[in-house]
Amino acid sequence: LREQLWTGLALDANSNDVHGITGAWVTPDNIVDLMIGAGIPDEFDFLNLDIDSCDYWVLQNVLAQFRPRVICTEFNGCLDPLVPIALVYEDGYFWDQTDKYGYSFAAGIKLMAREGYTVIFNQHETNLFAVADEYLGDVYVPQVKAIKQQYHPHNPGQHWTEV
């Protein structure tokens with residue numbers, strides 16, 4: 001995309017500012033400032049969010065300030081897809097390779113609907129894709145569903161909150 005002159009902001013906590021990726025620890029408290037500081041317009045084409053921790057809270061804050069047309073965001077397919085829950089935010093939490101991260105499919109559906117988005121695709125019980133309703137017009141979108149898949153070891157020390 002960069003070779004086709006697309007612009008954007010790529011953040012990764014493990015980056016040393018190479019290949020156009022800025023090193024930054026993303027939190028619900030700093031994401032809006034990071035985006036404003038990078039000159040991201042209020043409306044833009046595509047948001048991809050996958051930070052293996054407080055994704056729900058970051059996404060909620062992004063959508064309170066910005067209006068991406070299309071969103072791809074990771075959800076936790078190890079959780080019951082019918083229960084709207086998100087991991088309780090823990091400052092400094094780094095993914096421990098278990099099922100302690102993110103939010104359930106139902107939480108993603110609920111947040112997207114509240115913010116005026118329709119979920120159009122579930123990729124491998126891992127990523128949901130949503131489009132801002134104003135770009136769908138009268139297009140019929142069948143209901144997207146998910147199934148629980150325990151693809152990470154269970155962490156009994158996780159804390160969830162209903163959203």
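This is a short walk through the fold, the nonpolar core and a few individual residues of the chain shown above.

Before anything else, please keep in mind that this is a predicted model. I will begin with the overall architecture. The chain contains three helices and eight strands, and if we follow the sequence from start to end, these elements come in the order β-β-α-β-α-β-β-α-β-β-β. The radius of gyration is 16 Å, close to the 15 Å that the globule rule gives for 163 residues, so the chain is as compact as a globular protein of that length. Along its principal axes, the C-alpha trace spans about 45 × 40 × 25 Å.

A few totals for the chain fill in that outline. Buried residues account for 42% of the 163, and the accessible surface amounts to about 9200 Å², with carbon and sulfur atoms contributing 53% of that area. If we take the contacts between residues at least 6 apart in sequence, 66% of them join residues that are at least 24 apart. As for charge, there are 8 positive and 23 negative side chains, and the centres of these two sets are 6 Å apart.

Let me turn to the interior. In soluble globular proteins, nonpolar side chains tend to be buried together. Here, the largest nonpolar core has 32 residues, and those with the most contacts inside it are Y56, L59, Y103, M112 and L128. At least two residues of this core come from each of α1 (31-37), β3 (43-49), α2 (55-65), α3 (105-114), β6 (117-123) and β7 (127-132). Which of these gives the most to the core? That is α2, with six residues.

M112 deserves a closer look. Once its neighbours within four places in sequence are set aside, M112 is in contact with L59, L63, I71, T73, Y117, V119, L128 and A130. M112 is also one of the buried residues of α3, a group that further comprises F105, A106, A107, G108 and L111. What do the buried residues of α3 pack against? Their partners are α2, β4 (67-74), β5 (85-87), β6 and β7. Just after the helix, α3 is followed by G116, which has a positive phi, near 85 degrees.

G116 comes up again when we move to A132, a residue of strand β7. Is A132 buried or exposed? The relative accessible area of A132 is 0%, and a residue counts as buried under 20%, so A132 is buried. Not counting residues up to four places away in sequence, A132 touches R67, P68, R69, G116 and Y117. A132 also lies 6.4 Å from V70, C-alpha to C-alpha, although the two are 62 residues apart in sequence.

Finally, I would point to two loop residues whose backbone angles may be worth checking on the screen. Q97, in the loop between β5 and α3, has a phi near 70 degrees, which is a positive value in a residue other than glycine. H124, which is found in the loop between β6 and β7, likewise has a positive phi as a residue other than glycine, in this case near 55 degrees. The relative accessibility of H124 is 63%, and the cut-off for exposed is over 50%, so H124 counts as exposed.

Notes
Residues numbered from 1 in each chain as written. Predicted model: local features only at pLDDT ≥ 70, side-chain atom pairs only at ≥ 80, totals over all residues. Heavy atoms only, no water. Core = buried A, V, L, I, M, F, W, Y, C linked by side-chain atoms within 4.5 Å. Buried < 20%, exposed > 50% of the residue type's maximum accessible area, 1.4 Å probe, protein only. Helix = DSSP H or I, 4+ residues; strand = E, 2+ residues; numbered from the N terminus. Contact = heavy atoms within 4.5 Å. Rg over C-alpha atoms; globule rule 2.2 N^0.38 Å. Areas by Shrake-Rupley, 256 points an atom, 1.4 Å probe, with all protein chains shown as cover. Lys, Arg positive; Asp, Glu negative; His and termini not counted. Charge placed at Lys NZ, Arg CZ, Asp CG, Glu CD.
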